[in-house]
Amino acid sequence: MPGAAFHLRENQGALALHSGRHPHYGAVQIDWHSADLCRRIAAGRRQPLARALDLSNVGSRPPHIVDATAGLGRDAWVLAALGAHVTLLERTPAVAALLDNALQRARSDAANPTTQAIAGRITLHRADARDWLAAAAPGACDAIYLDPMYPEDGKSALPTKEMQLLRELTGGDPDAGGLLDAACRVAHRVAVKRPRRALPLAGRIADAIIPASRIRFDLYLNTSIRPCRV
Ligand SMILES: C[S@@+](CC[C@H](N)C(=O)[O-])C[C@H]1O[C@@H](n2cnc3c(N)ncnc32)[C@H](O)[C@@H]1O
């Protein structure tokens, strides 16, 4: 059963996920102050992720983005740091607990008002995105972001130990294809992160592609839903 060999442990207020099966892999924990994330935030609104979610003109009205596969919230943190309001959906209870703990720590970081402001733009729901999307009205948000686990094709570079643990814990998102249709019914714009050479999610050809270094963002535009921000 996915998750059976994992346990959460708290150290000085920070929650970490440990694997009983791979104790030498180290713990999975959320660090939104990492050098990598700081670099990504510094790259600004011209970076591929921000263009994929259309963060241009954030000043006039910040977009509301639903990150339907939240994971460790790194992409969402970058989007919120660049001005978006982000709703996180995460169905794996242990991962949702890590997110909840990280958000609480960020919100109460009185020494760092910027961190508090970013966290203030993020809302977390412990939910299966399929249920959330099924209940959402068309136009409920400006854009939806999907970053399901990459398919194991035997050709890609070995995932990091952290990603291997997450894959074991979550079961590898084998049902990710179903999210795409559901997302396109709700938002004018849906962006899907894929490995650069992978087939499109659910075999559905994208309306546009934004390439990045080892990945790409496939964009799906539902013209029957009015873009909220024009
Ligand atoms: C590859 S991770 C996302 C990484 C994330 N973009 C980040 O920056 O940290 C995929 C996550 O999506 C979650 N997920 C997959 N399908 C989901 C669904 N239907 N509803 C909610 N969460 C889902 C998995 O539990 C997993 O934590």
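Mentor: Let's begin with a definition: Ala, Val, Leu, Ile, Met, Phe, Trp, Tyr, Cys and Pro count as nonpolar, Asp, Glu, Lys and Arg as charged, and the others, Gly among them, as polar. Keep in mind, too, that this is a predicted model.

Trainee: Thanks! By class, how many residues of the shell around the ligand are charged?

Mentor: Happy to help. The ligand is surrounded by 20 residues, and Asp 75, Glu 90, Thr 92, Ala 129 and Asp 147 are the closest. Sorted by class, the shell has eight nonpolar and five polar residues, and its charged residues number seven.

Trainee: Which residue has an N or O atom in its side chain 2.7 Å from a nitrogen atom of the ligand?

Mentor: Let's go through the polar contacts. Leu 72 uses a backbone N or O atom, 3.1 Å from an oxygen atom of the ligand. Thr 92 places a polar side-chain atom 2.8 Å from a ligand oxygen atom. The 2.7 Å pair, with a ligand nitrogen atom, involves the side chain of Asp 147.

Trainee: What percentage of the ligand's accessible area does the protein cover?

Mentor: Start from the ligand on its own, which has 610 Å² of accessible area. H3 and S4 each give the shell at least two residues. Of that accessible area, the protein covers 98%.

Trainee: Now the sheet: which are its edge strands?

Mentor: The sheet is open, with seven strands and mixed pairing, in the order S5-S4-S3-S6-S7-S9-S8. An edge strand pairs on one side only, and that applies to strand S5 (122–126) and strand S8 (208–211).

Trainee: Which residue in S9 is the bridge partner of Ala 208?

Mentor: S8 and strand S9 (residues 215–221) run antiparallel and are joined by four bridges, while a hairpin of three residues links them. Pro 211 is opposite Arg 216 in S9. For Ala 208, the bridge partner is Leu 219.

Trainee: Last one! What angle does the direction of helix H3 make with that of S4?

Mentor: Helix H3 (residues 74–81) packs on the sheet, where it touches strand S3 (64–67), strand S4 (85–90), S5, strand S6 (143–146) and strand S7 (189–195). Another helix, H8 (residues 177–186), lies across S6, S7 and S9, at about 165 degrees to S6. For H3 and S4, the angle is about 170 degrees.

How values were computed:
Residues numbered from 1 in each chain as written. Predicted model: local features only at pLDDT ≥ 70, side-chain atom pairs only at ≥ 80, totals over all residues. Heavy atoms only, no water. Pairing = 2+ DSSP bridges. Contact = heavy atoms within 4.5 Å. Axes fitted to C-alpha atoms, helices over the stretch in contact; angles between N-to-C directions. Near = heavy atom within 4 Å. Polar contact = N/O pair within 3.5 Å; in protein donor to acceptor, adjacent residues only side chain to side chain. Areas by Shrake-Rupley, 256 points an atom, 1.4 Å probe, with all protein chains shown as cover.
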